[in-house]
Every structure is written in structure tokens, then in C-alpha cells.
Amino acid sequence: MTEQKSTPERPLDRDWWRGAVIYQIYPRSFQDHNGDGVGDLVGITERLDYVADLGVDAIWLSPFFTSPMKDFGYDVSNYRDVDPIFGTLGDFDRLLEKAHSRGLKVIIDQVISHTSDKHPWFAESRQNRTNPRHDWYMWADPNPDGTPPNNWLSIFGGSAWTWDSRRMQYYMHNFLTSQPDLNFHNPDVQDAVLGDMRFWLERGVDGFRLDTVNFYFASLGLESNPVVKPEDFNASTAPAVNPYNFQEHLYDKSRPENLAFLTRIRSLLDEYPGRTSVGEIGDSQHQLEVMAQYTSGTDKLHMAYTFDYLGGAFDPGHFRKSIDLTEKDAPNGWICLAFSNHDVVRHVSRWMSHGDREAFGKLTASMLLTMRGSVCLYQGEELGLTEAELAFEDLVDPYGIEFWPQFKGRDGCRTPMVWQSSAHLGGFSTAPRAWLPVPGDHLLKAPDLQEKQNDSLLHHYRATLKFRREHQALVKGTIKTLDAPNGVLMFTRSTDGETLLCAFNMTGGPIVVRLPDGLGVRGIDAPGSVAAPVGDGDIELPAFGSFIGAVL
């Protein structure tokens, strides 16, 4: 067990998370040490030097807990142990120690809105209606005609209710039928979950990423959700082919009762100085409102991320609107920004189907690392990895199998990390086959090749992360969007004594940007930036070009 403590040379920064850059690791796909084709904790430990050398502040580990793996670890059957696929608690402790020795904080997933149906809590709860844990999950009687109690839907398809013959009742599940939802209206459930979180805090973790943090409570009134208004329809939380999008989810998530429980989580974290929390908010109609509620003040979550930039159009209008709405609706909150993660199509493919993906990758890196908020980078993003095109027979994600072919699921962003261009499976594993195929085009982006190219995307990420650390305006400063020509996103970042102007050409053609009247800038050697204009001249941005300079 290991814990980072303050020393006379290095005082503890309790606010380290604000503006931090967090590198997300999907354990199944990072590095396989034992040769079974699946990544593991020892493999991650072996690759931590690479992560530290990027210049990030922390790592976030997707779930590695004991699980039947129906949803690849997001169905937990024991919150206090490591699944044998990934290793042991001792392996985790060694990973934590190595990360801390390299100056990396460690954030781990907490998937507590639901458990696996193999969890002992559910095995007991489903036996009858009188056992000690009979109300630890969301159980409900059928309608008189035997149908489910309301119209709530599962994100993974179909009704959110499954019949259980032992109790002659339905249980609720927002995801797979094998992922029953806990009943957080029961204080004993809250206590049990907080106890499991304390287990990892005592082990020395630096914080939690809270999966589906707005899904913890559902209305005990079991009211049916209304139809979403046509003007409010969007597919940011679920793919467009999913009928889940047809409802406005007023009663099955984002309930006001959740706020009191979040204060309990914060109180627990505050017992361990320097710990943090980042919540995942999935609510297509109310996500900024929920984020503001969940992160404002000092008694709930430290930060949260929405799906604004994990979907949506790649155009300045969408970005400016999202930035301005965040500043307007959540002025005292703190957002965690991400363009890619384990749930969405990798952003290089999602936003750019063809063209100069190298230039596009550098542009999006510069944008992400200069916008206001903390940042999550997803493994392989720094290499420019694209979404893998997989055959149906290679799919393992139940989400993709259900909605194929219009929605191909999440396997395409979860393929194994590549390390060496000419090695078997890119150096990920010595097994004959990995749990998912390694795309051939990913091998051409392996780190061993990019290390040799001074202008590679990997070097650009490293340089931009270093530049970010050197300018507090980018880490914790304010943001203000500015009018700009069509195709350009422009804003300032400001803190005491420094204001930076950032302009990004989000198109595939050159654009000339006229500086606002009375505004002068100078170059500050920002990675990838064009030269500063002379005097009050124009900024000439090439296709996918950027300018970052200091305001005089």
C-alpha cells in the first residue's frame, strides 16, 4: 500500500485536480504481461514510464474488479478485489507504488449505480421479499396485466425491467439485464458502497471516476417518462438508433435525492486530503444543469464530464455554444474535458472521415489542452489511433451486437494499444490472438516509429502538455470566447498577470483572422502555432492550423 504525503520539499496540493490532465487506461487493452491476450495490472505497471514521460498528472484505470465480464468489468461482483484476469491486490499495490514514484496520481473507476447479478448482495436480495437485503435493489410489482411497472428503457436496448420468478417482481436495470440497479434510497446501501470506496482510499488511491453518477436514484413513484420534445431530441447519451432517446428521462435518473448522497461521497473523500472525484454525467437534455448542481460549491463532486465533446459536430458553433453554456449555467462548477474515451468512436475518426489526420490530430490536441477545465486523454489518442473497423464475428461488446450494423458498439475504440510497429500484435501480447484484433494501420502509428519523427503527433502531445504546465492561464484561468470568421474557434484564457489568445482553424482550408480592434499579441513558442502577426496584422491560419500567443 502506498500513499502520497506532503513533505517539506513537496507540500500536498489539495487542489491538484483543477486543471490536471488525466490519462485513461483501459486495462484489458493496455499491456498483456502474462500472455493470455488480455491486458493486466502488471502490464500497466511496466508501461508507466511511457505515461509519465507524456507529462500527464494522473492515470484513470477503468474497472479491474472481480466480474463475470458481461460488460467487461462494468458489472462488478466484488468491489474489494481484483479480477484474476487482471492480477491480484498485490499487483495493484505495486502499480500504485510505481505510479506514485513517477509523480502520477491514480484514479480508479467506481461503478456503483448497479452491480453484477452475481454479486452476493443481489443473490440474497432476489431470494424472497423478506431477507435482510430484500430492498437493496430496485424491485417493483407488475402492472395488473403482468407488464413492467412503467415505460423506462435500458440504454442497452429494451425495457429497463426484467422479471424474476423467485420474487414474482421486476427488477430495474439501466444497462444489461445482468446489471441490476441498486436502491440508493436505502441508507444501508449507501453505507455499504461508501465502505467499499473507503477500502481503496485506505490503499492509497488518489480519487474516483464515478460511472453514470446521475443514475444512482430513480423515483420511488415509478412514474413513466414523458416523450422528449422534438426540439430537445439528441443522441449524445445513446446512439441515434436507440429508442432510449425518445424519452425525457425525468424519473429514472438525475433525481434531486442524489445531491445528498454526493455530499456523503465528498465527506468521505475529505477525510483523505488531496483526493478527488470526477463524475460521468449522461443526460441529453439536462447535462449542464446537472453538472452545475453536482460540482458547484465544495461539498459535492470536484469535477464532472458531459458528452458535449464526446459527440456533437466538429464546428466552432457547437464548441462556442458548449463553452458559453458551461460558463453561463455552471459558473462555479468544474468540467473535465474529453474528446475520446472507452465508450465513443475515437475522435479522429468521428470528426474526420478522411484527409490530413496528422494535422487534425495536432489541432484537436492543442484545442483540448487549451480549453478551460481538467482534461482526460484516452490511451492511444496521443498516437492518433483511429476507430478500428471490426467484423461482426469479432465483436464482443453486447451493446454493438444488439444494435449492429447501424451502431457497431464500443469495441472499435477498445482494441489493444500498440507499442512496436514490427512486433507481434504491436507488442501488446505474446498470445497468438488478443481479445480484440489489432488493426494493421495502428501499427504504423506505434510509439517506436513516432519517437524517431520530430514532428510526430506523439511529440506534439508531449510538447503541448509541457507548454500547458508552464502557463497557469491554461491550467486554472478563465475563458472568454471571441467572434471569429466562419470555421474558426477563438477564445482567451486569463489569470493574474497573463492572458493568452487561442485561435483554431477547424476547417480543411486556409483562413485569415483579423485581430479584435486594439488587441495586440506576441508569439510565445506554442507547439504547432503559426507565427504572431506583425503589429496589428492578421493571423493567417492554414488548414487545421492554430495560433496561441500572449495578449500585449
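This briefing walks through the sheet, two helices, a hairpin, the salt bridges and one buried glutamine. The model is a predicted one, so keep that in mind as you look around. At the centre of the strand story is an open, parallel sheet of eight strands. On the charged side, the salt bridge count comes to 32.

**The eight-strand sheet**

- Reading across the open sheet, the order is β11-β10-β9-β5-β2-β1-β13-β12, and the pairing is parallel.
- The edges belong to β11 (303-305) and β12, each with a single partner strand, so one side of each has no neighbour in the sheet.
- Within the sheet, β1 (residues 21-25) and β13 (residues 374-378) run parallel and are joined by four bridges.
- If you want a spot to zoom in on, Gln 24 has Tyr 378 in β13 as its bridge partner.

**β8 and its antiparallel partners**

- Strand β8 (residues 169-172) is covered on both faces: Gln 169 and Tyr 171 are buried on one side, Tyr 170 and Met 172 on the other.
- β7 (residues 161-164) pairs with β8 in the antiparallel sense, over four bridges.
- Asp 164 is the residue standing opposite Gln 169 in β8.
- β7 and β8 make a hairpin with four residues in between, and Met 168 in that turn has a positive phi of about 55°.
- β6 (residues 139-140) also pairs with β8, again antiparallel, this time over two bridges.
- In that pairing, Ala 140 has Tyr 170 in β8 as its bridge partner.

**Helix α5**

- α5 has 17 residues and spans 25 Å from first C-alpha to last, close to the 24 Å you'd expect at 1.5 Å a residue.
- At its start, a side-chain oxygen of Asn 186 comes to within 2.8 Å of the backbone nitrogen of Asp 188.
- Right after the helix comes Gly 204, with a positive phi near 115°.
- Plenty of α5 is tucked away: the buried residues include Val 189, Val 193, Met 197, Phe 199, Trp 200 and Leu 201, and some polar or charged ones as well, among them Gln 190, Asp 196 and Arg 203.

**Helix α6**

- The 13 residues of α6 should span 18 Å at 1.5 Å a residue, and the end C-alpha atoms are indeed 18 Å apart.
- Its buried residues are Asn 258, Phe 261, Leu 262, Ile 265, Arg 266, Leu 268 and Leu 269.
- Looking down the axis of α6, those buried residues fall within an arc of 155°, so they line one face of the helix.
- What do the buried residues of α6 pack against? They pack against α5, β9 (207-210), β10 and α7 (287-295).

**Salt bridges**

- Side chains of opposite charge can pair when their charged atoms come close.
- Glu 271 and Arg 198 meet in a salt bridge, 2.9 Å from N to O.
- Glu 271 sits in the loop between α6 (258-270) and β10 (276-280), while Arg 198 is in α5 (residues 187-203), so this pair ties together parts 73 residues apart in sequence.
- Both ends are partly exposed: Glu 271 has a relative accessible area of 46%, and Arg 198 has 31%.
- Lys 328 pairs with Asp 329, with the closest N and O atoms 3.2 Å apart.
- Here Lys 328 is exposed at 61% relative accessibility, whereas Asp 329 is partly exposed at 32%.
- Asp 343 and Arg 410 form another salt bridge, with their closest N and O atoms 3.4 Å apart.
- That pair links distant parts of the chain, 67 residues apart: Asp 343 is in the loop between β12 (336-337) and α9 (347-351), and Arg 410 is in the loop between α11 (398-403) and α12 (440-443).
- Is Arg 410 buried or exposed? Arg 410 is buried, with a relative accessible area of 7%, while Asp 343 is partly exposed at 21%.
- Asp 343 and Arg 410 also belong to a salt-bridge network that takes in Asp 71, Asp 397 and Arg 414.

**Gln 179**

- Gln 179 sits in the loop between β8 and α5.
- Despite being in a loop, Gln 179 is buried, with a relative accessible area of 0%.
- Its side chain makes a 3.4 Å polar contact with that of His 114.
- Leaving aside neighbours within four places in sequence, Gln 179 is in contact with Asp 71, Tyr 74, Asp 75, His 114, Thr 115, Phe 156, Met 172 and His 173.
- Two of those names come up elsewhere: Asp 71 is in the salt-bridge network, and Met 172 is one of the buried residues of β8.

Conventions: Residues are numbered from 1 along each chain as its sequence is written. This is a predicted model: local features need pLDDT of at least 70, side-chain atom pairs count only at pLDDT 80 or more; totals for chains, interfaces and linings use all residues. Side-chain values use heavy atoms; hydrogens and water are left out. A salt bridge is a side-chain nitrogen of Lys or Arg within 4 Å of a carboxyl oxygen of Asp or Glu. Buried means under 20% relative accessible area, exposed over 50%, partly exposed in between (1.4 Å probe, protein chains only). The expected span of a helix is 1.5 Å times one less than its number of residues. The arc is that of the directions from the helix axis to the C-beta atoms. Contact means heavy atoms within 4.5 Å. A polar contact is a pair of N or O atoms within 3.5 Å; within protein, one must be able to donate a hydrogen and the other to accept it, and residues adjacent in sequence count only if both atoms are side-chain atoms. Two strands pair if DSSP finds at least two bridges between them.
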